[in-house]
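Q: I would like a close look at a single part of this chain and at how that part sits among its surroundings. Please keep the answer plain and connected.

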Amino acid sequence: MHLLISNDDGIFSPGIRALAEVASEFGEVRIVAPDVEQSAMSHAVTLSRPLNYHRTPLDKFAAYRVNGTPADCVALGAFHWEKVDVVLSGINLGLNIGNAMWHSGTLAAAKQAALLGLRGIAFSAPTAAENRKYDKIKSYLRQVLNLLLHEFTMDLVNVNFPLNPKGIRWTKQSVRHYDGNVIPGKDPLGKEHYWFTVIEVEEVSENTDRWAVEHDYVSLTPLRLDLTDHQKLEQARSMILFPK
Ligand code: MN
């Protein structure tokens with residue numbers, strides 16, 4: 001099995017090493033990842049300039065760093081390897097639950113795989129997991145890979161680990177609105193600047209990704225590329241549109 005590995009924290013992130021180590025138990029691993037951090041770049045692609053590869057020694061792994069986004073890395077990596085079976089992205093330094101899915105470069109790398117007709121799985125964990133060398137997470141990562149690598153019907157899955165996992169749950173995305181608050185301040189020269197804050201308004205509902213992680217479960221959320229609200233579409237079809 002050919003496993004292409006990428007991330008959005010950059011090729012030197014400890015998270016990508018942890019993922020490559022465990023993934024190499026399941027197949028041949030190749031790493032193609034951004035040369036610098038690309039967090040919160042979402043599914044951005046580079047259209048205005050050419051991309052380059054640089055071979056980068058990374059333990060025992062074949063690894064290449066690219067001057068592009070996570071989605072660029074997956075496009076290049078999939079093109080230059082005879083047959084990629086699954087793209088694994090992460091382990092991101094920080095959770096990607098709820099609305100973070102809209103912003104995440106980690107998830108975008110997995111989405112790019114799904115857009116190419118491949119399977120993609122995104123992995124994220126709290127930043128503190130890095131200090132513990134992913135000790136508690138690795139055995140669950142192994143279980144999740146064992147499950148998902150053999151589950152051919154799921155082409156896109158978002159996986160989030162709590163710091164101390166006690167089990168695994170299938171979940172849905174937690175969607176909560178932002179309060180929209182922006183905090184103004186002044187720099188040392190007296191010029192105004194702004195900090196964007198993300199405070200979510202509603203409570204956490206059960207069986208969501210956020211609920212699972214807050215209750216120490218590994219969260220597996222199956223996703224799809226189709227963003228259409230099919231229920232609303234059905235309702236909308238009964239509306240009369242003018243002109244007829
Ligand atoms: Mn990141």
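Which residue just after helix 4 takes a positive phi? Please start there, then work through helix 4 and outward from it.

A: The model is a predicted one. The residue just after helix 4 is glycine 117, with a positive phi of about 80°.

Helix 4 itself covers residues 105–115. At its start, a side-chain oxygen of serine 104 comes to within 3.1 Å of the backbone nitrogen of threonine 106. Of the 11 residues in the helix, 9 are buried, so helix 4 is largely enclosed by the rest of the structure. The buried residues are Gly105, Thr106, Leu107, Ala108, Ala109, Ala110, Gln112, Ala113 and Ala114. The elements they pack against are strand 1, helix 2 (70–79), strand 5, helix 3 (100–103), strand 6 (119–125) and strand 7 (156–160).

Two of these packing partners, strand 1 and strand 5, lead to the metal site. The manganese ion is coordinated at 2.1 to 2.3 Å by Asp8 (OD), Asp9 (OD), Ser39 (OG) and Asn92 (OD1). Along the sequence, these donors follow the spacing D-D-x29-S-x52-N. Distant parts of the chain are linked here: aspartate 8 belongs to the loop between strand 1 (2–6) and helix 1 (14–23), and asparagine 92 to strand 5 (residues 86–93), with the two positions 84 residues apart in the numbering. Aspartate 8 and asparagine 92 are both buried.

Strand 5 also contains isoleucine 91. The peptide bond that runs from glycine 90 to isoleucine 91 is cis, with omega near -10°. Lysine 83 and aspartate 85 join their side chains in a salt bridge, at 4.0 Å from N to O. Lysine 83 is partly exposed, at 48% relative accessible area, and aspartate 85 is partly exposed as well, at 26%.

Two other loops hold backbone angles to note alongside glycine 117. Serine 42, in the loop between strand 2 (28–34) and strand 3 (53–55), has a positive phi of about 50° although it is not a glycine. Serine 42 counts as buried, at 17% relative accessibility. Tyrosine 134 sits in the loop between helix 5 (128–131) and helix 6 (135–148), and its phi is positive, near 60°. Tyrosine 134 is buried, with a relative accessible area of 4%.

Further along the chain are charged pairs and a nonpolar patch. The structure holds 8 salt bridges, one of which pairs arginine 176 with glutamate 200, their closest N and O atoms being 2.7 Å apart. Arginine 176 is in the loop between strand 8 (167–170) and strand 9 (182–186), while glutamate 200 is in the loop between strand 10 (192–196) and helix 7 (209–214), so the pair ties together parts 24 residues apart in sequence. Arginine 176 is buried, at 12% relative accessible area. Salt bridges link Arg176, Glu200 and Arg210 in a network.

The loop between strand 10 and helix 7 also holds valine 198, which is partly exposed at 42% relative accessible area. Val198 joins Val182, Tyr194 and Phe196 in a nonpolar surface patch, and together they have about 430 Å² of accessible area. Another salt bridge joins the side chains of aspartate 229 and lysine 232, at 3.5 Å from N to O. Aspartate 229 is partly exposed, with a relative accessible area of 38%.

Notes. Residues numbered from 1 in each chain as written. Predicted model: local features only at pLDDT ≥ 70, side-chain atom pairs only at ≥ 80, totals over all residues. Heavy atoms only, no water. Donors = N, O, S within 2.8 Å, 3.2 Å for Na, K, Ca; no water. Helix = DSSP H or I, 4+ residues; strand = E, 2+ residues; numbered from the N terminus. Buried < 20%, exposed > 50% of the residue type's maximum accessible area, 1.4 Å probe, protein only. Contact = heavy atoms within 4.5 Å. Polar contact = N/O pair within 3.5 Å; in protein donor to acceptor, adjacent residues only side chain to side chain. Patch = residues over 30% accessible without salt bridge, like charges linked within 9 Å, V, L, I, M, F, W, Y side chains within 5 Å. Areas by Shrake-Rupley, 256 points an atom, 1.4 Å probe, with all protein chains shown as cover.
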